[in-house]
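Let's take a walk through this model together, one piece at a time. Keep the viewer open and follow along.

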Amino acid sequence: MTKAQLQALLNEMTLEEKIGQLLQLAPAFFEGADSAGQITGPLLGMGINEETIYRSGSVLGLGSAKEAIAIQEAHMRNHRLAIPLLIMADVIHGYGTIFPVPLALSCSWDLELAKETAAIAAKEAAVSGIHITFSPMADLSRDPRWGRVMESFGEDPWLNGKFAAALVRGYQGDDFTKEPYKLAACIKHFAAYGAGEGGRDYNTVDISEWMKREFYLPAYKEALNAGCEMVMTAFNTVDGVPATGNKRLMRQLLREEWGFDRVIISDWGAVKEMIAHGVAEDERECARKAIEAGVDIEMMSPCYTHHLKELVEAGEVESARIDEAVMRILELKQKLGLFDNMHRFADATLEMNMVGSKQHRQVAYKSALKSCVLLQNNHKALPLQKEERIALLGPFATSNDILGPWSCMGRPEEAVTVCDGMKTWQAQTGQGSLTTVGCSVENISDEQISAMISVAKTADTIVLALGESSEMSGEAGSRANINLPESQLRLLGEIHKLNKKIIVILFNGRPLDLHEVLSKSDAVLEAWFPGTEGGNAITALLYGEGNPSGRLTMSFPYAVGQIPVYYNHFNTGRPQNAPDAQVRYVSQYLDIPNEPLFPFGYGLSYSDIEYGEIALSSAELCAGEELQLTVQITNRSAIAGEETVQLYVRDMAGETVRPVSELKDYQKIMLAGNESKQVIFTITEEMLRYHHSDLQYSSDPGRFVAMVGPNSRDTEKIMFSLK
Ligand code: NOJ
């Protein structure tokens with residue numbers, strides 16, 4: 001349809017029909033639903049009748065092509081103007097083939113791979129009838145107590161933006177209106193949902209405008225620059241006003257300043273939640289505030305449906321507001337091709353052949369392999385020797401709860417457990433022996449521990465697969481204590497007493513407090529929720545067929561009391577020179593270090609990588625020119641490996657305070673055994689810009705430090721100045 005035809009359609013619609021377009025419902029409301037989809041919030045009675053359901057403009061959370069086709073057909077039979085539904089879902093890290101959770105995937109630092117996973121997710125979802133995914137989530141995350149850190153890309157604003165943009169490109173392709181099997185993407189949660197106080201989900205956010213612009217907003221912007229089609233509002237407040245009714249945030253910043261003219265959707269029930277927030281007396285006021293703020297689609301609450309008509313008739317909401325929202329939705333339907341083909345790519349046969357295909361599983365394997373982070377490897381405990389007799393113990397030895405909390409239509413029964421992976425490997429190689437005992441995540445009985453000890457006694461090496469169940473992170477999965485569950489620590493303690501080699505594999509959705517785990521084990525491999533091919537990828541890493549290359553994108557705290565702890569912090573006026581509790585009046589804890597247990601960028605491998613001295617092409621940089629920074633990276637071992645060479649910069653004196661270190665670039669290089677390579681980074685004036693106190697974005701002349709290293713802590717430094 002042309003714009004004129006869409007306008008003609010809009011002109012033909014009654015006010016009720018227009019308002020219908022602004023309502024999004026879960027499939028449970030629709031004829032043809034088979035309820036296979038996910039419910040991701042409370043399903044409250046919404047007080048809506050059948051007529052309203054058939055007038056609605058979109059549905060979320062479907063789970064099959066059959067269901068999508070049935071719902072669309074029922075809808076089209078009943079809609080006076082035959083305007084098709086938009087079908088949306090949370091396709092977060094895969095649809096049927098499940099990739100590592102986003103926090104894990106970001107530890108690969110591999111943007112092409114991230115894009116590839118999103119393209120596969122789009123393909124599987126598109127043939128299953130989905131048009132739009134509620135992904136990526138670009139919420140900067142500094143608080144591991146928050147369960148949703150698993151869905152984020154960590155604590156760095158720049159890397160966060162790169163991953164958000166890569167996922168958008170994967171889902172949407174170069175042009176989702178022309179290419180087959182693409183989805184439209186929805187960036188969320190606008191804005192700053194990751195900054196909830198105390199790491200408690202849905203909690204208050206109150207950060208300065210400057211902080212927002214420096215750290216929290218850039219990644220959403222990056223996603224929009226990559227062409228992201230839709231934006232979802234956050235549940236939290238921003239400057240005292242819930243984001244969903246926040247005119248300054250949505251209309252002024254997002255629409256006017258950033259020029260975003262496409263669809264904005266609320267989060268689940270967030271329009272009505274303004275009553276609980278205490279900024280609206282009733283549903284009517286919620287509706288007025290949300291539409292004025294610029295929210296086009298109300299997800300799963302009925303404020304628009306019940307009250308927009310009377311608000312327009314009373315002159316409290318301009319009808320132009322409704323028309324502009326409806327037009328944006330119609331345009332999106334047009335872009336998705338729904339007026340020509342209401343089912344788009346939904347096809348049960350393709351769905352059967354494509355979802356979970358061998359090819360897709362290969363990418364799941366590769367991404368799991370690259371997302372694991374080796375945190376500790378004392379005395380080269382890993383890789384395992386082929387002939388070692390292994391006791392594989394603990395809750396995740398045999399558990400298939402390894403897909404993660406947002407695993408869409410992924411089936412746990414299709415996931416490869418660690419036990420499956422190791423058994424297959426041993427059968428293929430004809431080497432080693434394996435005895436496995438599983439248990440539950442939170443309640444391991446004394447009898448079970450005794451049984452595991454007996455098995456452990458007969459083995460050379462104990463592989464303990466520990467962690468959090470997927471229920472313990474994700475939405476509404478905040479935890480105040482981020483240790484492993486008590487009974488797992490008890491199990492570890494008992495096994496430790498045997499004085500044998502202990503390898504811990506961790507399955508979890510957040511950085512954990514790992515003190516006890518580190519002190520009682522030889523090696524620790526962070527596997528996160530690795531997805532469908534987890535067990536195979538972990539086995540390859542354990543036996544040295546793969547070399548761990550993942551690097552943390554979120555700091556692991558030394559203790560919960562440090563949180564938030566992140567690498568790009570400010571120096572303060574009284575920085576700590578060296579940890580020393582005797583020194584008073586400096587910014588430090590008396591009882592623990594300031595530094596996290598594992599810093600941003602950290603991760604070990606089986607290779608032995610050496611960083612040479614760094615050199616700059618000049619000690620001075622002028623605007624419009626470039627500096628070349630070179631560093632020689634050498635593999636001192638015979639084991640080939642991938643190194644993530646990281647470039648950080650510190651501005652020694654700004655107009656506002658500047659972080660002690662900021663990631664500016666990185667390069668992933670492959671080094672064969674004993675190979676040496678020169679890495680060259682380019683530094684430009686643009687990379688040194690920041691928001692000043694008047695929010696202007698520019699650089700200042702002065703001194704800078706460039707830092708290069710394998711993580712944000714262990715860097716080589718060199719000074720330069722900007723003229
Ligand atoms: C609530 C979550 O916050 C959001 O991320 C998700 O997309 C919606 N529910 C829809 O399921």
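In which sense do strand β20 and strand β25 pair, parallel or antiparallel, and over how many bridges? The pairing of β20 (residues 641–651) with β25 (residues 702–709) is antiparallel, and it runs over six bridges. If you want a spot to zoom in on, pick L647, which sits opposite V708 in β25. Keep in mind as you look that this is a predicted model.

Now zoom out a little from that pair. β20 and β25 belong to an open sheet of five strands, and reading across it you get β18-β26-β25-β20-β21. The pairing in this sheet is mixed. At its edges you'll find β18 (620–621) and β21 (662–671), each of which pairs on one side only.

Time for the whole thing. In total the protein has 21 helices and 26 strands. Its C-alpha atoms fill a box of roughly 75 × 65 × 45 Å along the principal axes. How does the radius of gyration fit with that of a compact globule? For 723 residues, a compact globule would come out near 27 Å, and the protein has 26 Å, so the two agree.

Next stop is another open sheet, this one with eight strands. Its order is β9-β6-β5-β4-β3-β2-β1-β10, and the pairing is parallel. The edges are taken by β9 (263–265) and β10 (298–299); each has a single partner strand, so one side of each has no neighbour in the sheet. Inside the order, have a look at β3 (residues 86–89) and β4 (residues 132–133), which pair in the parallel sense over two bridges. There, A89 stands opposite T133 in β4.

Helices lie against this sheet too. One of them, α7 (residues 157–172), lies across β4 and β5 (184–190), and its direction is at about 150° to β5. Another, α9, packs on the sheet by touching β5 and β6 (230–233), with its direction making about 165° with that of β5.

Stay with α9 for a moment, since it has a helical partner as well. The axes of α8 (residues 209–216) and α9 (residues 218–225) come within 6 Å and cross at roughly 50°. Is that parallel or oblique? An angle between 35 and 65 degrees falls outside the parallel and perpendicular ranges, and α8 and α9 are therefore oblique to each other. On the α8 side, the contact uses K212, R213, E214, F215 and Y216, while α9 brings in P218, A219 and Y220. Sorted by type, the residues of this contact come out as five nonpolar, three charged and no polar.

For a contrast in angle, go to α10 (residues 247–257) and α12 (residues 283–293). Their axes come within 8 Å and cross at roughly 20°. Because angles under 35 degrees count as roughly parallel, α10 is roughly parallel to α12. Here K247, M250 and R251 of α10 meet I291, E292 and A293 of α12. This contact splits into three nonpolar and three charged residues, with no polar ones.

On to a β-α-β unit. Strand β12 (residues 389–393), helix α17 (residues 418–429) and β13 together make a right-handed one. Its two strands, β12 and β13 (residues 433–437), pair in the parallel sense over five bridges. To find your place in that pairing, look for A391, which faces T435 in β13.

Finally, some backbone details that a computational chemist may like to check. Where are the cis peptide bonds to look at? One joins K188 and H189, with omega at about -5°, and H189 lies in strand β5, which you met in the eight-stranded sheet. Another cis peptide bond joins L382 and P383, again with omega at about -5°. P383 is placed in the loop between β11 (373–377) and β12. Then there's A82: it isn't a glycine, yet its phi is positive, at about 50°. You'll find A82 in the loop between α4 (65–78) and β3.

Methods: Residues are numbered from 1 along each chain as its sequence is written. This is a predicted model: local features need pLDDT of at least 70, side-chain atom pairs count only at pLDDT 80 or more; totals for chains, interfaces and linings use all residues. Side-chain values use heavy atoms; hydrogens and water are left out. Two strands pair if DSSP finds at least two bridges between them. Helices (H or I, at least four residues) and strands (E, at least two) are DSSP runs, numbered from the N terminus. A crossover is right-handed if, with the strands pointing away from the viewer, the path from the first strand over the helix to the second runs clockwise. Axes are lines fitted to C-alpha atoms, for helices over the stretch in contact, and angles run from 0 to 180 degrees between N-to-C directions. Angles under 35 degrees count as roughly parallel, over 145 as roughly antiparallel, 65 to 115 as roughly perpendicular and the rest as oblique. Contact means heavy atoms within 4.5 Å. Ala, Val, Leu, Ile, Met, Phe, Trp, Tyr, Cys and Pro count as nonpolar, Asp, Glu, Lys and Arg as charged, and the others, Gly among them, as polar. The radius of gyration is taken over C-alpha atoms; the globule rule is 2.2 Å times the number of residues to the power 0.38.
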